[in-house]
Amino acid sequence: MKQLIQIVTLLLITAVILSVWDGFYILQEGKQAVITQFGAPVGEPKTRAGLKFKMPFIQRVRFFEKRILIWDGDPNQIATNDKTFIFMDNTARWRITDALRFLQAVGTEMRAQTLLDDIINGAVRDLVNQNDLIEIIRSSDWDKEYSFARSREEEMTRAPEKGRDKISEMVLQQASKDTQKYGIELIDVMFKRVNYIKSVREKVYSRMISERKRIAAEKRSLGEGRKAEILGKVERELKEITSKAKRTATEIRGQADAEATKLYGESYSRYADFYFFQKSLESYRNIIGANTSLILSPKSELLQYLESTEER
């Protein structure tokens, strides 16, 4: 009898320990929980962190994130209203606001990501199809006066009617209508990247290259014109300076020659014999060299100073 009591007591203690072990659970900060009994939800979701109690062995705890989660979609090829095909890469932030509804309608966060793929991509496709390319790539506050890209096409220089920011808000509003019934709140939807498909991208690059070449040609033409203008101005100023310098040099040279002529005239008029003698010596120097022989007439004026020298 005593042994039976010990066994029963041990079983009771074990049952209590297991009940306490399975009956209490800790709800961490950033998590929320739903209690299920035989697979069916019981009561309201638990959202406050702390030590919680449930019926042991009968009830189970399903934990869900309470924090903001990230949805990152795959790039999709979409046609705009003006028949331009682009790749759209989108991202969004979401969170579980009703864990009970989320458990009943979705089940897991992995399945929620797949569900958001369909909802958000569908909303993005609808809005992109309804708007032109300019509305997708330009921000809502874009102003062509501050744009560095100057295109000759009016379509590429006009300001958007809605803009990328407004369209992303419209996507959020449309997608949120579908996510609310799943206990999901969409916080925002953003266009992470917008790009042309390869064939369109090549055409755009070609047009950009042509536009850059045209602008470069205009710049070179303006530069050549400015260069010719500067060179013409320099050449004109150089000619003016040279002409003025030559005129000044001629005037100075003329004044010097006049002064020299005056001095020569005064000197020669005062010493005429010396002048003729000096000129004769210069003639001798120019005519008679080291190996020169002259045959002169005795009456030659060139010999008068030589004869007079010999007489002396």
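Biologist: Which way does helix 3 cross helix 5, left-handed or right-handed?
Modeller: Right-handed, helix 3 over helix 5; the near helix is turned clockwise from the far one by less than a right angle (anticlockwise would be left-handed). This is a predicted model, where local features need pLDDT of at least 70, side-chain atom pairs need 80 or more, and totals for chains, interfaces and linings use all residues. Numbering runs from 1 along each chain as its sequence is written, and side-chain values use heavy atoms, leaving out hydrogens and water.

Biologist: What's the angle between helix 3 and helix 5?
Modeller: About 140°, with the axes 9 Å apart, for helix 3 (residues 109-129) and helix 5 (residues 164-179). Axes are lines fitted to C-alpha atoms over the stretch in contact, with angles from 0 to 180 degrees between N-to-C directions. Helices are DSSP runs of H or I, at least four residues, and strands are E, at least two, numbered from the N terminus.

Biologist: Which residues of helix 3 and helix 5 meet?
Modeller: Among them are Leu116, Ile120 and Leu127 in helix 3, and Ile167, Met170 and Val171 in helix 5. Contact means heavy atoms within 4.5 Å.

Biologist: Switching topic, where is Asn90?
Modeller: Asn90 is in strand 8 (residues 85-96).

Biologist: Buried or exposed, and why?
Modeller: Asn90 is buried, because its relative accessibility is 2%; the cut-offs are under 20% for buried, over 50% for exposed and partly exposed in between, with a 1.4 Å probe and protein chains only.

Biologist: What does Asn90 contact, leaving aside neighbours within four places in sequence?
Modeller: Its contacts include Trp71, Asp72, Asn121, Val124 and Phe191.
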